[in-house]
Amino acid sequence: MLPGNYTISVKDANGCINVLPATILNSPGPTMTVVPTTTYCNSPNGVLTAIAAGGTAPLQYSINANNYQLSNIFNGLPAGSYTVTVKDANGCFSNASQCNNGKFTCTNYFRNYNFCVM
């Protein structure tokens, strides 16, 4: 719904109606970027850090639409595709995917050690 003034009507099973005014404010939601840390491939040691601004505190963070947490840091990630979501107290969302089109990419360097690079 767009910001503005509305009237909400509720009717129960007995036909009783209650009418209340409601106002939806134009509160901008959060914005976010995600910063990955280099990780060794095939090891669950990657880190994604979400940097959010705006919105209404407290901000909560989720990775791949799973449980929300107050911490903006996700540890122990294997190489793969990740989408981080930030949600503010008003239920406004922002998403960001990381890295290289949403993937940690593996590259061989020095004596066949595998590293994931951004």
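Trainee: What is the accessible surface of the protein chain, and what share belongs to carbon and sulfur atoms?

Mentor: About 7800 Å², with 54% of that on carbon and sulfur atoms. The areas come from the Shrake-Rupley method with a 1.4 Å probe, and for residues only the protein chains shown count as cover. This is a predicted model, where local features need pLDDT of at least 70 and side-chain atom pairs count only at pLDDT 80 or more, while totals for chains, interfaces and linings use all residues. Residues are numbered from 1 along each chain as its sequence is written, and side-chain values use heavy atoms, with hydrogens and water left out.

Trainee: How many helices and strands does the protein chain have?

Mentor: Zero helices and ten strands. Both are DSSP runs numbered from the N terminus: helices are H or I with at least four residues, strands are E with at least two. From the N terminus on, the elements run β-β-β-β-β-β-β-β-β-β.

Trainee: What makes E1 and E2 a pair?

Mentor: Two strands pair if DSSP finds at least two bridges between them. Strand E1 (residues 4-11) and E2 have eight bridges, in the antiparallel sense, so they pass that test. One bridge puts Gly 4 opposite Ile 24 in E2. The two strands form a hairpin with five residues between them, and Gly 15 in that turn has a positive phi of about 85 degrees.

Trainee: And which strands make up the open sheet?

Mentor: Three of them, in the order E3-E4-E6, with antiparallel pairing. Strand E3 (30-37) and strand E6 (73-77) are the edges, as each pairs on one side only. From one strand to the next the twist averages 20 degrees; angles here run from 0 to 180 degrees between N-to-C directions, with axes being lines fitted to C-alpha atoms, for helices over the stretch in contact. E3 and strand E4 (residues 46-54) share eight antiparallel bridges, and Val 34 stands opposite Ala 50 in E4.

Trainee: Why is Thr 23 called exposed?

Mentor: Exposed means over 50% relative accessible area, buried means under 20%, and partly exposed is in between (1.4 Å probe, protein chains only). Thr 23 has 52%, so the label is exposed. That residue lies in strand E2 (residues 17-24).

Trainee: Then why is Val 19 called partly exposed?

Mentor: Val 19, also placed in strand E2, has a relative accessible area of 47%, so it falls in the in-between class. Its C-alpha is 4.4 Å from that of Ser 9, ten residues apart in sequence.

Trainee: What does Val 19 contact, leaving aside its neighbours within four places in sequence?

Mentor: Thr 7, Ile 8 and Ser 9. Contact means heavy atoms within 4.5 Å. With the same kind of neighbours left aside, Thr 23 is in contact with Gly 4 and Asn 5.

Trainee: Why is Ser 62 called buried?

Mentor: Its relative accessibility is 0%, so it counts as buried. Ser 62 is found in strand E5, and its side chain reaches the backbone oxygen of Asn 66 at 2.7 Å. Beyond four places in sequence, its contacts include Phe 74, Val 84 and Thr 85.

Trainee: Is Thr 85 buried or exposed?

Mentor: Buried, because its relative accessible area is 8%. Thr 85 lies in strand E7.

Trainee: What makes the link between the side chains of Thr 85 and Asn 95 a polar contact?

Mentor: A polar contact is a pair of N or O atoms within 3.5 Å; within protein, one must be able to donate a hydrogen and the other to accept it, and residues adjacent in sequence count only if both atoms are side-chain atoms. For Thr 85 and Asn 95 the distance is 2.5 Å, so the cut-off is met.

Trainee: Which residues have the most contacts inside the largest nonpolar core?

Mentor: Met 32, Leu 48, Tyr 61, Ile 63 and Val 84, in a core of 13 residues. Strands E3, E4, E5 (60-63), E6 and E7 (81-87) each give two or more residues, and the largest share, three residues, comes from E7. What makes a set a nonpolar core? Its members are buried Ala, Val, Leu, Ile, Met, Phe, Trp, Tyr and Cys residues joined through side-chain atoms within 4.5 Å.

Trainee: And what share of the 118 residues in the protein chain is buried?

Mentor: 25%.
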